[in-house]
Amino acid sequence: MPPVTGLVDAEPTAIELTWSRTALLIIDMQRDFLEPGGFGETLGNDVSLLQSVVAPCRAMLAAARDAGMFVIHTREGHLPDLSDAPPAKIERGAPSLRIGDPGPMGRILVRGEAGHDIVAALYPAAGELVIDKSGKGAFYNTDLDDVLRKRGIENLLVCGVTTEVCVNTTVREASDRGYRCVVLADCCASYFPEFHEMGLKMIKAQGGIFGWVSTSSQVIASLAADNAPSRAAGGRR
Ligand code: TIU
């Protein structure tokens, strides 16, 4: 078991995290965004740009599992009848296939289809929470906030795609709801590298207006470090 707390090197400042009050939130690491033939590609994006985050996310996920940390995976997608997909979302842009159309990995961005599933390397383990969401933010129309509060979670380590869309939307709302968010830069990516950079800057600017930015290796190092009072001395909160 890791120490009670850990000091994580981050920007704009280091942050002390109580591990038992910290969850790993992995956003939308789905085939629809990362693999050819899915929603991301239908929007005209080069999905290979997201591949670099799989290995760091896998390392962070393994460390979180080893530490007994609460892990949450989210998936963006819609009911098969598209009753939760606003026309304004379906109509937008000029994609090669629209939400709900049949594609090589099943219907685009529809729950239960192959493309909607999480990539094999990051597949949820038994006991890990999977939140299905119809919006970009993980709190919109989900019970995520309720689950986190019941578990006493105050801090979120945030990974996933894409940095400026679902990660930023979720972090902004998490901040308003009172969670401390530490976004792991190497575990997030965008189809637009400059948006990734700016998305992270927007979070950590102004003294951390929405949260902190760190890396998987900084968190893993902190989890491994014996930098906290022993459980025998203080007990774990
Ligand atoms: N298009 C894009 O950059 N992202 C999304 O549509 N969803 C998420 O970010 N998950």
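**Figure 1. Helices α3 and α8 cross with left-handed geometry.** The view comes from a predicted model. Helix α3 spans residues 54–67, and helix α8 spans residues 216–224. Their axes come within 10 Å and cross at roughly 20°. The cut-off for a roughly parallel pair is under 35 degrees. At roughly 20°, α3 therefore counts as roughly parallel to α8. On the α3 side, the contact is made by P56, A59, M60, A63 and A67. On the α8 side, these residues meet S216, V219, I220 and L223. By class, the contact has eight nonpolar residues, one polar residue and no charged residues.

**Figure 2. Helices α6 and α7 pass each other in a right-handed crossing.** Helix α6 covers residues 163–176, and helix α7 covers residues 193–208. The two axes come within 10 Å and cross at roughly 10°. That angle makes α6 roughly parallel to α7. From α6, T163, E164, N168, V171 and R172 take part in the contact. From α7, the partners are F195, H196, G199, L200, M202 and I203. This contact has five nonpolar, four polar and two charged residues. The α3–α8 contact, by comparison, has no charged residues.

**Figure 3. Helix α6 packs its buried residues against strands and a helix.** The helix has 14 residues. From its first C-alpha to its last, α6 reaches 18 Å, close to the 20 Å expected at 1.5 Å a residue. Its buried residues are T163, C166, V167, N168, T170, V171 and A174. An α-helix has 3.6 residues a turn, so residues three or four places apart point the same way. The buried residues of α6 pack against five strands: β3 (22–27), β4 (70–76), β7 (129–133), β8 (155–161) and β9 (180–189). They also pack against α7. After the helix comes G178, with a positive phi near 100°.

**Figure 4. N168 sits in helix α6.** The residue has 3% relative accessibility and therefore counts as buried. Neighbours within four places in sequence are left aside in this view. Beyond them, N168 is in contact with T162, T163, G199 and I203. G199 and I203 belong to α7, and both also appear in the α6–α7 contact. T162 lies in the loop between β8 and α6.

**Figure 5. Two cis peptide bonds lie at E11–P12 and V161–T162.** Most peptide bonds are trans. The bond joining E11 and P12 is cis, with omega about 5°. P12 lies in the loop between β1 (5–8) and β2 (15–18). The bond from V161 to T162 is also cis, with omega near -10°. T162 lies in the loop that leads from β8 to α6. This residue is among the contacts of N168.

**Figure 6. D28 and L82 have positive phi values.** Most residues other than glycine have a negative phi. D28 is not a glycine, yet its phi is about 55°. The residue lies in the loop between β3 and α1 (31–34). D28 has a relative accessible area of 0% and is buried. For L82, phi is near 60°, again a positive value in a residue other than glycine. L82 is found in the loop between β4 and α4 (87–91).

**Figure 7. G135 and T142 lie in the loop between β7 and α5.** G135 is buried, with a relative accessible area of 12%. Neighbours within four places in sequence aside, G135 is in contact with E76 and Y140. G135 and R107 are 28 residues apart along the chain, and their C-alpha atoms are separated by 17 Å. T142 comes later in this loop, which runs to α5 (144–150). Not counting residues up to four places away in sequence, T142 touches I131, D132 and K133. T142 and E128 are 14 residues apart in sequence and 16 Å apart in space, C-alpha to C-alpha.

Definitions and conventions
Residues numbered from 1 in each chain as written. Predicted model: local features only at pLDDT ≥ 70, side-chain atom pairs only at ≥ 80, totals over all residues. Heavy atoms only, no water. Axes fitted to C-alpha atoms, helices over the stretch in contact; angles between N-to-C directions. Helix = DSSP H or I, 4+ residues; strand = E, 2+ residues; numbered from the N terminus. Parallel < 35°, antiparallel > 145°, perpendicular 65-115°, else oblique. Left-handed = near helix turned anticlockwise from the far one by under 90°. Contact = heavy atoms within 4.5 Å. Nonpolar A, V, L, I, M, F, W, Y, C, P; charged D, E, K, R; others polar. Expected span 1.5 Å × (residues − 1). Buried < 20%, exposed > 50% of the residue type's maximum accessible area, 1.4 Å probe, protein only.
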